[in-house]
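Let's take a friendly walk through this fold. Keep the viewer open and turn the structure as you read.

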Amino acid sequence: HAPLAALTAELLRLRRLHPTLTDPDAAVHVGCDGDAVWMRRVASETTRLALHFGVDPDAQPAPDPGLQIVLDTADERWGGTGRSAWSATLAVGDPHA
């Protein structure tokens, strides 16, 4: 249970650090690209949550230009293997920077 508790704590930390994740006025865009579903929120910064359900870990969508991945559920810290076809990534940043 320790990896799941650590992942939950990290998600809560990121939620406090990036107000776009909780901004009720943020513009929300949802889409699908092959085996991935993504949600992009735009306000003071841009966030993108990508959920990948494919069988090929190399087919995961890259983050938008200007965004940096701040969380990947395939990471070994959360009990992942380091590379996983089934994963979620959270990317944050300013695509216009």
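## A buried threonine and its surroundings

Thr 20 counts as buried, because its relative accessibility is 0%. Please keep in mind that this is a predicted model. Thr 20 sits in the loop between α1 and β1. Leaving aside residues up to four places away in sequence, Thr 20 touches Ala 26, Arg 41, Val 42, Ala 43, Ser 44, Glu 45 and Thr 47.

One of these contacts, Glu 45, is worth a visit of its own. Glu 45 belongs to the loop between β2 and β3. Is Glu 45 buried or exposed? With 18% relative accessibility, Glu 45 counts as buried, since the cut-off for buried is under 20%. Again not counting residues up to four places away in sequence, Glu 45 touches His 18, Pro 19, Thr 20, Val 92 and Gly 93. You can also find Leu 67 from here: the C-alpha atoms of Glu 45 and Leu 67 are separated by 9.6 Å, with the two residues 22 apart along the chain.

## The sheet

Now zoom out to the strands. In which order do the 5 strands of the open sheet lie? The order is β1-β2-β3-β5-β4, and the pairing is antiparallel. β1 (27-33) and β4 are at the edges with a single partner strand each, so one side of each has no neighbour in the sheet. On average, and ignoring direction, neighbouring strands of this sheet are turned by 20° against each other. Helix α1 packs on the sheet, where it touches β4 and β5 (86-93), and the direction of α1 makes about 150° with that of β4.

In general, strands of a sheet pair through backbone hydrogen bonds, either parallel or antiparallel. Here, β1 and β2 pair in the antiparallel sense over 7 bridges, and 7 bridges also join β2 to β3, again running antiparallel. Both pairs are hairpins: β1 and β2 have 2 residues between them, while β2 and β3 have 3 residues between them. In the turn of the β1-β2 hairpin, look for Gly 34, which has a positive phi of about 65°.

A few cross-strand partners help you find your place. Cys 32 has Val 37 in β2 as its bridge partner. His 29 is partnered with Arg 40 in β2, and Arg 40 in turn has Arg 48 in β3 as a bridge partner. Val 28 stands opposite Arg 41 in β2.

## Salt bridges

How many salt bridges does the structure hold? There are 4, and three of them are listed here.

| Residue | Partner | Closest N to O distance |
|---|---|---|
| Arg 13 | Glu 10 | 2.9 Å |
| Arg 40 | Asp 64 | 2.7 Å |
| Asp 75 | Arg 77 | 3.4 Å |

Start with Arg 40 and Asp 64, whose salt bridge has its closest N and O atoms 2.7 Å apart. This pair links distant parts of the chain, with Arg 40 in strand β2 (residues 36-42) and Asp 64 in the loop between β3 (46-53) and β4 (67-72), 24 residues apart. Asp 64 counts as buried because its relative accessibility is 17%. Salt bridges with shared partners join Arg 40, Arg 48 and Asp 64 into one network.

The salt bridge of Arg 13 and Glu 10 stays within one element: both residues lie in helix α1 (residues 2-17), 3 residues apart, about one turn of the helix. Their surroundings can be read from the accessible areas. Glu 10 is buried, with a relative accessible area of 14%, whereas Arg 13 counts as partly exposed at 37%.

In the salt bridge of Asp 75 with Arg 77, Asp 75 is partly exposed, with a relative accessible area of 26%.

## A nonpolar patch on the surface

Finally, turn to the surface. Which residues form the nonpolar patch there? They are Val 28, Val 30, Val 37, Met 39, Leu 49, Phe 53 and Trp 86, and together they have about 640 Å² of accessible area. At least two patch residues come from each of β1, β2 and β3. Val 28 is one of the patch residues and lies in strand β1. Because its relative accessible area is 42%, Val 28 is partly exposed.

Notes:
Residues are numbered from 1 along each chain as its sequence is written. This is a predicted model: local features need pLDDT of at least 70, side-chain atom pairs count only at pLDDT 80 or more; totals for chains, interfaces and linings use all residues. Side-chain values use heavy atoms; hydrogens and water are left out. A salt bridge is a side-chain nitrogen of Lys or Arg within 4 Å of a carboxyl oxygen of Asp or Glu. Helices (H or I, at least four residues) and strands (E, at least two) are DSSP runs, numbered from the N terminus. Buried means under 20% relative accessible area, exposed over 50%, partly exposed in between (1.4 Å probe, protein chains only). Two strands pair if DSSP finds at least two bridges between them. Axes are lines fitted to C-alpha atoms, for helices over the stretch in contact, and angles run from 0 to 180 degrees between N-to-C directions. Contact means heavy atoms within 4.5 Å. Patches are made of residues with over 30% relative accessible area and no salt bridge: like charges are joined within 9 Å, nonpolar side chains (Val, Leu, Ile, Met, Phe, Trp, Tyr) within 5 Å. Accessible areas come from the Shrake-Rupley method with a 1.4 Å probe; for residues, only the protein chains shown count as cover.
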